[in-house]
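Grab a pencil and work through a few short exercises. Each one comes with a solution that goes step by step.

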Amino acid sequence: SWNKLVCITRGGLMPASLLSRYLDIKYVDTICLSSYDETDKQGQLEVIKELRSNDSAILVIDDLVDTGKSFIKAKELMPNAHLCCIYAKPNGKSFVDTYKIDIPQTTWIVFPWEK
């Protein structure tokens with residue numbers, strides 16, 4: 001069972017907030033990664049803040065997996081964590097342990113809190 005929640009910022013912040021309440025997880029932390037520029041084009045992955053742990057009680061959350069770059073880095077930093085997201089695109093879904101909704105690779109989602 002998970003007792004720690006780590007979100008990949010910034011996309012995982014809102015899902016992490018909801019999950020932490022739903023699962024009653026009080027330990028919430030972040031890894032800060034960036035791979036999109038201001039024109040929403042994906043490039044090199046930049047690690048802004050990392051968190052390393054071998055703990056298997058960590059649930060890592062992001063809003064979606066696109067190419068898998070962020071989750072590959074999360075797995076490198078936290079090899080025993082459970083990786084999950086809401087939406088998964090074909091090129092990235094093999095890099096997460098759990099996801100809810102398949103979406104086409106070319107779909108761009110704008111979440112309500114991003115406006």
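Before starting, one cut-off: a residue is buried under 20% relative accessible area, exposed over 50%, and partly exposed in between. Keep in mind, too, that this is a predicted model.

**Exercise 1.** Decide whether E50 and R52 are buried, partly exposed or exposed, and find what links them.

Step 1: Take E50. Its relative accessible area is 39%, and the middle class runs from 20% to 50%, so E50 counts as partly exposed.

Step 2: Now R52. With a relative accessible area of 54%, R52 is exposed.

Step 3: Look at how they meet. R52 and E50 form a salt bridge, with 2.8 Å between the closest N and O atoms.

**Exercise 2.** Find the salt-bridge partner of D55, and work out which parts of the chain the pair connects.

Step 1: Start with the total. There are seven salt bridges in the structure.

Step 2: One of them joins D55 to K4, and their closest N and O atoms are 2.6 Å apart.

Step 3: Place both ends. D55 sits in the loop between β3 (42-49) and β4 (58-65), while K4 belongs to strand β1, so this salt bridge ties together parts 51 residues apart in sequence.

Step 4: Check the exposure. D55 is partly exposed at 22% relative accessible area, and K4 is partly exposed too, at 24%.

**Exercise 3.** Describe the pair D102 and K93.

Step 1: Their side chains meet in a salt bridge, at 3.1 Å from N to O.

Step 2: Sort each one by exposure. D102 has a relative accessible area of 46%, which makes it partly exposed. K93, at 32%, is partly exposed as well.

**Exercise 4.** Which residues of helix α2 are buried, and how are they placed around the axis?

Step 1: Helix α2 covers residues 69-77, and its buried residues are S70, F71, K73, A74 and L77.

Step 2: These residues span an arc of only 160 degrees around the axis, so they lie on the same side of α2.

Step 3: The spacing helps to make sense of this. An α-helix has 3.6 residues a turn, so residues three or four places apart point the same way.

**Exercise 5.** Which residues make the nonpolar surface patch, and where does W2 lie?

Step 1: The patch is made by W2, Y22 and L23, and has an area of about 360 Å².

Step 2: W2 is found in the segment before β1 (4-9).

Step 3: Finish with its exposure: at 36% relative accessible area, W2 is partly exposed.

Technical notes:
Residues numbered from 1 in each chain as written. Predicted model: local features only at pLDDT ≥ 70, side-chain atom pairs only at ≥ 80, totals over all residues. Heavy atoms only, no water. Patch = residues over 30% accessible without salt bridge, like charges linked within 9 Å, V, L, I, M, F, W, Y side chains within 5 Å. Areas by Shrake-Rupley, 256 points an atom, 1.4 Å probe, with all protein chains shown as cover. Salt bridge = Lys/Arg side-chain N within 4 Å of Asp/Glu carboxyl O. Helix = DSSP H or I, 4+ residues; strand = E, 2+ residues; numbered from the N terminus. Buried < 20%, exposed > 50% of the residue type's maximum accessible area, 1.4 Å probe, protein only. Arc of directions from axis to C-beta.
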